[in-house]
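Reader: I have the sequence and the coordinates open side by side, and I would like to go through them with you. Could you start with one strand pairing and work outwards from there?

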Amino acid sequence: MSEQVLAIDIGGTKIALALVADDGTVQAETVRPTVRSPDPEAVFAPAADGIRELVAGPAFRAGGRLRVGVGSAGPIDAPAGTVSPVNIAAWRGFPVAERVTTVLEASTGTTPTVGLAGDGHCFALGEHWLGAARDVDTMVGLVLSTGVGGGAVLDNKLFAGRTGNAVHLGHISVNAWGPRCVCGCHGCTEMYARGPALVAAARESGWTGGADAQALTADARAGHPIALDVIDRGMRALAAGIASTATQLDVSVFVLGGGVAKAGEVIFGPLRRHLADFAVLDYVADLEIRPAVLENAGLLGAAALGFSLT
Ligand SMILES: [Zn+2]
């Protein structure tokens, strides 16, 4: 009989919860909006409701071992079980693992095993388990959207790092003389490659198109020279960050997802072209950048995390 985990994916706009079988089948799912509130418990309440709904439903398999994988926007402290998502202001050191445990104990009578990982790590786990990198043992997953997140699976195991924040590719410096980043460092990848940075650079160059990176990539596809130029420069920065990560970890498969990456060839083309300039050592010369294939990699990655708990 197949096993089951509870997967929870906490983001800035929504919290997705699902019961997932060990073949990746989503057996039940519910989604709650992320509440804007200064009260940390008010933000958690909809997630607690979602958990109670799933374990009260027909898909829940009661009686066995109860494992839970939680993926959250970061930063996180995995060993402590706490999260401080940049985009959820009420949660600073919020003990999400403990809260999930309390809700499950009250609603099922069973004490669960709860694992916590960052959303970039869960993205990597999901694409490795069921997505674009399911044929390899070692890979890096990258999310290019309003930020740049990442995670690595090495020899079929998540490389979490000491606090659960390893492979924070957005805040690797690719320009030691660059401007100061919000994180305090200089010339971080994210400052050049994230969606809002591409848009800001385009505005500075006189682009008057739509409001966001989606509009910018659409203009690039139509051949707009400013849009093409700023994407080219942004992808050069990302290529430097990817090559640096590949060189450090000796990884040759990267999976790129996220809202900006969905634009397709207009992003992947310049990225691959610039990689040839940075990934130059023999062992990274065959570096592959694959487009993500899953719509819910974060949630499935949280499930993979749950199944990895002993
Ligand atoms: Zn930074």
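Author: Gladly, with the reminder that this is a predicted model. A good place to begin is Val140, which stands opposite Ala152 in strand E9.

Reader: Which strands run antiparallel there, and how many bridges join them?

Author: Strand E8, residues 139–144, is joined to E9 by 6 bridges, and the two run antiparallel. Another pair to look at is Leu144, whose bridge partner in E9 is Val148. E8 and E9 form a hairpin, with 3 residues between them.

Reader: And what does E9 pair with besides that, over how many bridges?

Author: E9 also pairs with strand E10, residues 157–158, in the antiparallel sense and over 2 bridges. In this pairing Leu154 stands opposite Lys157 of E10. These two strands form a hairpin as well, with 2 residues between them.

Reader: What is the order of the strands in the sheet, and is it open? Which are the edge strands?

Author: The sheet is open and has 5 strands in the order E10-E9-E8-E11-E12, with mixed pairing. Its edge strands are E10 and strand E12, residues 288–291, each of which pairs on one side only.

Reader: Back to E9 for a moment: how many of its residues are buried?

Author: In E9, which spans residues 148–154, 6 of the 7 residues are buried, so the strand is largely enclosed by the rest of the structure.

Reader: Which helix lies across those strands, and at what angle to E9?

Author: Helix H3, residues 119–130, lies across E8, E9, E10 and strand E11, the last being residues 253–257, and H3 runs at about 50 degrees to E9.

Reader: I'd like to check the backbone angles now. What is the phi of Asp155, and where is the residue found?

Author: Asp155 is found in the loop between E9 and E10, and its phi is positive, about 50 degrees, although the residue is not a glycine. For context, most residues other than glycine have a negative phi.

Reader: Is Asp155 buried or exposed?

Author: Asp155 is exposed, because 7 other C-beta atoms lie within 10 Å, and the cut-off for exposed is 12 or fewer.

Reader: What about Val167, where is it and what is its phi?

Author: Val167 lies in the loop between E10 and H4, and its phi is near 60 degrees, again a positive value in a residue other than glycine. Val167 is buried, however, with 25 other C-beta atoms within 10 Å.

Reader: And Ala166, which residues is it in contact with?

Author: Leaving aside neighbours within four places in sequence, Ala166 is in contact with Ala152, Phe159, Ala160 and Gly161. Ala166 lies in the loop between E10 and helix H4, residues 189–193. With 19 C-beta neighbours inside 10 Å it counts as partly exposed, since buried would need 20 or more. The C-alpha atoms of Ala166 and Gly120 are separated by 9.5 Å, although the two residues are 46 apart along the chain.

Reader: Where is the cis peptide bond, and what is its omega?

Author: It is the bond from Gly74 to Pro75, with omega near 5 degrees. Pro75 has its place in the loop between strand E4, residues 67–72, and E5.

Reader: Changing topic to helix H6: which of its residues are buried?

Author: In H6, residues 213–221, the buried ones are Ala213, Leu216, Thr217, Asp219 and Ala220. Seen down the axis of H6, the buried residues fall within an arc of 155 degrees, so they line one face of the helix. What covers them includes helix H5 (195–204), helix H7 (225–249) and helix H8 (265–278). H6 is followed by Gly223, whose phi is positive, near 95 degrees.

Reader: Last topic, the domains: what does the assignment give, and how many residues are in contact?

Author: The domain assignment gives domain 1 as 4–121 + 297–308 and domain 2 as 134–291. Their centres, taken over C-alpha atoms, are separated by 28 Å, and 14 residues of domain 1 are in contact with 11 residues of domain 2. On the side of domain 1 that touches domain 2, the elements giving two or more residues are strand E5 (76–77), strand E7 (113–118), H3 and helix H9 (297–308). By class, that side of domain 1 has 8 nonpolar, 4 polar and 2 charged residues.

Technical notes: Residues are numbered from 1 along each chain as its sequence is written. This is a predicted model: local features need pLDDT of at least 70, side-chain atom pairs count only at pLDDT 80 or more; totals for chains, interfaces and linings use all residues. Helices (H or I, at least four residues) and strands (E, at least two) are DSSP runs, numbered from the N terminus. Two strands pair if DSSP finds at least two bridges between them. Two residues are in contact if their C-beta atoms, placed from the backbone, lie within 7 Å. Axes are lines fitted to C-alpha atoms, for helices over the stretch in contact, and angles run from 0 to 180 degrees between N-to-C directions. The arc is that of the directions from the helix axis to the C-beta atoms. Domain bounds come from an automatic or database domain assignment. Ala, Val, Leu, Ile, Met, Phe, Trp, Tyr, Cys and Pro count as nonpolar, Asp, Glu, Lys and Arg as charged, and the others, Gly among them, as polar.
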